[in-house]
Amino acid sequence: MSSRPHAKSLKDVLLIHELTFFLLVILAGAAGVIGMRIWDKSSQESQRIHLMVQEIQQTRGDLYRQMKELFDLHFLKDPQAQEEYNVYTLSIDAHFRKLLALSADSQERSAIQELNASYQDLIQETQHIFTLVEGYNNAELEKALNTHLESSIFHHYEIISARAERLLLLKHSELSARLEDVKHIAFTLLIIPIGLALLLLVFSHIFLKRAIVRPIRNVLHATREISAGNLDHKAPEEGVAELAALSCAINSMAQELSRSQEALVRSEKQAALGLLVPMLAHNIRNPLASIRATAQVADSANLDQETRDSLTAIINTVDRLDRWTRALLAYLHPLKPHASATTLRQVLQGALSPLQQKIQEKQISIQLPDWQNVNDNMFTDENLLEQALYNLLLNAVEASPPSSAITIECDIAEDSIRLRISDQGPGMPFIPDPHAASPGPTTKRFGTGLGIPFAFKAMEALSGHIHFNHQVKGGTMIDIILPRDYEPQ
């Protein structure tokens, strides 16, 4: 299994990508709407102020024309002056009503009302002039119009009008400044999503290259390598979760193909040996039996000692060749366990019994487990397990130096038994491979190399495991793990 951190799936990445773009669109749209609303509001405000300034100027123009009608009435005796004067009065009143309607705050309304009050004072004064008697001195009337009306009341109206215009122009200047600020804000609000979109584009390019494009390229390369027969090639488990899972599946497939290939080669070799060896064994064992029988018949007390020793050597050699042949046949023969109730101590005693002569010759000490109060009951193939332990113990005895010790320990659990065999020999020059397609090497002069492979095969048939380890102080330690109740596979 891969130890890489959990990667996001392609679905999640695409969802995040779409949501990010959606948020950027919303942000850009919001910036545009806000900017447009602010600009529209500012434009309306600017138009309102412009209309108010225009109304004030029109009011002043109508007032000048109204005053002209007043002069025409008294000095030119224009009969229509009074009527024109009243028309301008109505027009100016309409301007003031419109100004009050356009005013947006108390400061503007106060300025308009002050201007209207000044105009009303002017109207009252002009009404007084209209009521003057016909015999009123024109010089005094001209003085009243020029001095009192024009220099005092009309001048006061001009001051108030100018102040109202300055107020509106000041607001217009402030509005223009706000519009510049709004322009900068709108530009900033617009440039932010554009910048984020560019960053997202760059990030998406980098992410797609690292998380999708490169992993897909590696997966394609891995499939080509595996198709070419390079089953050891590994696809990097990187990228989004789906591609990482695909790489993991491809690697698992390659491992399974490698194991299947090894098993197929092993099966083919064993099948070839299974066809060849029985025929060779039959052709070899018959002459061997004849040679042994001849040597036994020729052995007589009348022969000299050298001849008898040669005949004994012939018999021993024939027996050794016969054992090799039987061992090879046993290794190639399919193992079919026949389980029965037994105990571990019984199996060990059966495996050690044929080795007693070798153990005594080398004065080796066998340290067995303490069987007191130990439930070592098993349900397994006693004969098959005994043969496997015999081969392993035989290797330990032959590898052990004289007067050394072989330690046998067991750890019995509820559903399994762990057996450990430790010797004090030089150690194994190699670690046996349980999946080897042929018998392993042997360090013994007349060894077949089939003892350990047969043990592996027997343990596999009994659903067990064997592990070989080097000890720190020298020697070999063998761990055997077996189920207490064998279940046929």
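**Glutamine 363 and other assignments**

Reader: Why is glutamine 363 called exposed?

Author: In this predicted model, glutamine 363 has a relative accessible area of 59%. The label exposed requires a value over 50%, and therefore glutamine 363, at 59%, is exposed. The residue is found in the loop between helix 8 (356-361) and strand 2 (365-367).

Reader: What is the phi of glutamine 363?

Author: The phi of glutamine 363 is positive, at about 50°, although the residue is not a glycine. Asparagine 373 also has a positive phi, near 55°, and is likewise a residue other than glycine. This asparagine 373 belongs to the loop between strand 2 and strand 3 (377-380).

Reader: How do you know whether asparagine 373 is buried or exposed?

Author: Its relative accessible area is 85%. Since exposed means over 50%, asparagine 373 is therefore classed as exposed.

Reader: What makes threonine 343 count as buried?

Author: The relative accessibility of threonine 343 is 18%. Buried means under 20%, so threonine 343 qualifies as buried with its 18%. Threonine 343 is placed in strand 1 (residues 340-343). Apart from neighbours within four places in sequence, threonine 343 is in contact with Asp376, Asn377 and Met378.

Reader: Why does aspartate 485 count as exposed?

Author: Aspartate 485 has 54% relative accessibility, and the limit is over 50%, so the residue counts as exposed. Aspartate 485 lies in the segment after strand 7 (476-483). Its C-alpha atom is separated by 4.8 Å from that of phenylalanine 379, although their positions lie 106 residues apart along the chain when counted as a separation in sequence.

Reader: Why is helix 10 described as largely enclosed by the rest of the structure?

Author: Of the 11 residues of helix 10, 10 are buried, so helix 10 is largely enclosed by the rest of the structure. Among them are Ile452, Phe454, Lys457 and Met459. Helix 10 is followed by serine 463, which has a positive phi near 65°.

Reader: How do the axes of helix 9 and helix 10 lie, and which residues meet?

Author: The axes of helix 9 (residues 382-399) and helix 10 (residues 451-461) come within 9 Å and cross at roughly 150°. The crossing is left-handed. On the side of helix 9, the residues that meet helix 10 include Leu384, Leu385, Ala388 and Leu392. On the side of helix 10, they include Ile452, Phe454, Ala455 and Met459. By class, this contact has 10 nonpolar, four polar and no charged residues.

Reader: How many aromatic pairs does a search of the whole structure find?

Author: The search finds two aromatic pairs. One of these is formed by phenylalanine 96 and tyrosine 119 and is tilted, with 5.7 Å centre to centre and 40° between the planes.

Reader: What makes phenylalanine 96 and tyrosine 119 a pair, and why is the pair called tilted?

Author: The centres must lie within 6.5 Å, and 5.7 Å meets that limit, so the two rings pair. Stacked needs planes under 30 degrees apart and edge-to-face over 60; an angle of 40° fits neither, and the pair is therefore tilted. The pair links distant parts of the chain, with phenylalanine 96 in helix 2 (residues 81-102) and tyrosine 119 in helix 3 (residues 106-130), 23 residues apart. Both phenylalanine 96 and tyrosine 119 are buried.

Reader: What portion of the protein chain counts as buried?

Author: Of its 489 residues, 34% count as buried. The protein chain has 10 helices and seven strands.

Notes: Residues are numbered from 1 along each chain as its sequence is written. This is a predicted model: local features need pLDDT of at least 70, side-chain atom pairs count only at pLDDT 80 or more; totals for chains, interfaces and linings use all residues. Side-chain values use heavy atoms; hydrogens and water are left out. Rings of Phe, Tyr and Trp (its six-membered ring) pair if their centres lie within 6.5 Å; planes under 30 degrees apart count as stacked, over 60 as edge-to-face and the rest as tilted. Helices (H or I, at least four residues) and strands (E, at least two) are DSSP runs, numbered from the N terminus. Buried means under 20% relative accessible area, exposed over 50%, partly exposed in between (1.4 Å probe, protein chains only). Axes are lines fitted to C-alpha atoms, for helices over the stretch in contact, and angles run from 0 to 180 degrees between N-to-C directions. A crossing is left-handed if the near helix is turned anticlockwise from the far one by less than a right angle, and right-handed if clockwise. Contact means heavy atoms within 4.5 Å. Ala, Val, Leu, Ile, Met, Phe, Trp, Tyr, Cys and Pro count as nonpolar, Asp, Glu, Lys and Arg as charged, and the others, Gly among them, as polar.
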